[in-house]
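Dear colleague,

I am handing over the structure that follows, and I would be grateful if you could read it alongside the notes set out after it.

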Amino acid sequence: MGRRRGLELYRAPFPLYALRVDPKTGLLIAAGGGGAAKTGIKNGVHFLQLEQINGCLSASLLHSHDTETRATMNLALAGDILAAGQDACCQLLRFQVHQVKSNKVEKSGSKEQGPRQRKRAAPAEKKSGGEVQHEGVELRVKNLEAVQTDFSAEPLQKVVRFNHDNTLLATGGTDGHVRVWKVPSLEKVLDFKAHEGEIGDLALGPDGKLVTVGWDFKASVWQKDQLVAQLQWQENGSTTSSNTPYRYQACRFGKVPDQPGGLRLFTVQIPHKRLRQPAPCYLTAWDSSTFLPLRTRPCGHEVISCLSVSESGTFLGLGTVTGSVAIYIAFSLQRLYYVKEAHGIVVTDVTFLPEKGCGPQLLGSHETALFSVAVDSRCQLHLLPSRRSVPVWLLLLMCVGLIIVTILLLQSAFPGFL
């Protein structure tokens, strides 16, 4: 059996740092860039159309949006609005897809023409002035409001998240402050110091609770700007040595399958310093009411760089600084899928194919699909084959049949059995 490998879906003309999938349109949105340095590397947000072609999932470039001198380092998606972390600012974008009867020319306001379409993609006719023409499909991207979200000496927005009803978004960065903004006006409604040093990640729950993790080794739970709890991982079942300091790298809320309204919090803990003999990283599932740990499992010695939870809360996706990609069962924290050094360089973001909207049609016979991007400019697809070779209803029917046959045999051998 050959080595498992991810499928390369797309290669951008710049390093990729963030991606999201729109369940309504089936668009894969990948963003990144070379920043303000005059290296000739562009900055942009690319909109890729996902399609099932001959039983295979493929992606083709539909539209490229130029972000000028600003590389997009993090993304959040709410309907047709993107929140893009660019340097010290958050830029809101609105994208709209239109089906047209005849070829129309779209003026995207972008100077970038984008790379050539991948094989099997619909041909794009390049025009001067940033105009792009697509047969049957027209996509428009509009810049909305923008606001500075970080104010440190070297300001950088590290993370952005929408709340459950997409009316607010929260940002965190190198100055350790959490700031909450109205959507789409970006009027600030909350600003408080959450960590000493930079914020690494944050997660918003439907009950208004906010979880933040920082470089000060803390993971904190907030209700608005009031501290509710601090996660105590090392004091609750950690088997790590006391001389190996760990910090929280990522946090995500996820649904509990078969429990309507149920939530769990997932975190990743990594060694704060690189050691000669690498210490393991850990995955932890937490009760979202008490914020006590439910289960902790080691997840290898490669340092984890990013975390994602599938829409149903069934799977966890991980990327590492050495380019590897893995899929875990959220309930048991057991690994199902692993590709060593899929990218060969740090994985900057992973996201699952949505399980609603266009997701099931795109997924086909597979159980789940995880997308990954990295500094190597590549977007890869990781498919998890269905683990159920026999339908559950058929297994139940076979069990009932076996019980009936057993009873009949016993009755024939022992007439007074029943």
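Helices (H or I, at least four residues) and strands (E, at least two) are taken here as DSSP runs, numbered from the N terminus. In that scheme Gln380 falls in strand β31, residues 378-384. This is a predicted model, in which local features need pLDDT of at least 70 and side-chain atom pairs count only at pLDDT 80 or more, whereas totals for chains, interfaces and linings use all residues. Residues are numbered from 1 along each chain as its sequence is written, and side-chain values use heavy atoms, with hydrogens and water left out.

To stay with β31 for a moment, Gln380 counts as buried at 3% relative accessibility, where buried means under 20% relative accessible area, exposed means over 50%, and partly exposed lies in between (1.4 Å probe, protein chains only). Gln380 is separated from Leu9 by 371 residues in sequence, yet the two are 5.3 Å apart in space, C-alpha to C-alpha. In the loop between β30 (368-374) and β31 sits Ser377, a residue other than glycine whose phi is nevertheless positive, near 75°; Ser377 is buried, with a relative accessible area of 12%.

Two hairpins deserve a description, and for these I take two strands as paired if DSSP finds at least two bridges between them. Strand β4 (residues 43-53) and β5 are antiparallel partners over 10 bridges, with Ile53 opposite Cys56 in β5. The hairpin they form has 2 residues between the strands, and Asn54 in the turn has a positive phi of about 55°. Strand β5 itself (residues 56-66) is mostly covered, 10 of its 11 residues being buried.

In the other hairpin, β6 pairs with strand β7 (residues 81-86) in the antiparallel sense over 6 bridges, and Leu75 has Ala84 of β7 as its bridge partner. Here too there are 2 residues between the strands, and Gly79 takes a positive phi near 65°. Because 5 of the 7 residues of strand β6 (residues 72-78) are buried, this strand is largely enclosed by the rest of the structure. Asn74 lies in β6 and counts as buried at 8% relative accessibility. Its side chain reaches the backbone oxygen of Lys158 at 3.3 Å, which falls under the heading of a polar contact (a pair of N or O atoms within 3.5 Å; within protein, one must be able to donate a hydrogen and the other to accept it, and residues adjacent in sequence count only if both atoms are side-chain atoms).

Next come the pockets. On a 1 Å grid over the protein atoms alone, a pocket is an open set of points where a 1.4 Å probe fits, with protein on both sides within 12 Å along at least five of seven lines, and lining residues have an atom within 4 Å of a point. Grid points are joined across faces, edges and corners, and a volume is the space filled by probe spheres set on the points.

The largest pocket has a volume of about 1600 Å³. Of the 47 residues that line the largest pocket, the closest to its centre are Arg20, Leu77, Asn166, Val309 and Glu311. Strand β8 gives the most to this lining, with 5 residues.

The second largest pocket has a volume of about 720 Å³. Of its 31 lining residues, Lys158, Gly200, Gln249, Ser305 and Thr348 are the closest to the centre, and the largest share of the lining, 5 residues, comes from β21.

Which residues are joined by a cis peptide bond? They are Val183 and Pro184, with omega about 10°, and Pro184 is placed in the loop between β15 (177-182) and β16 (188-193). Leu333, although not a glycine, has a positive phi of about 60°; this residue lies in the loop between β27 (325-329) and β28 (335-339) and is buried, with a relative accessible area of 3%.

Lastly, a search of the whole structure finds 0 disulfides, a disulfide being a pair of cysteine sulfur atoms within 2.5 Å. For Cys281, the closest cysteine sulfur is that of Cys299, at 5.4 Å, which is too far for a bond. Cys281 is buried, with a relative accessible area of 0%, and Cys379 is likewise buried at 0%.

With best wishes
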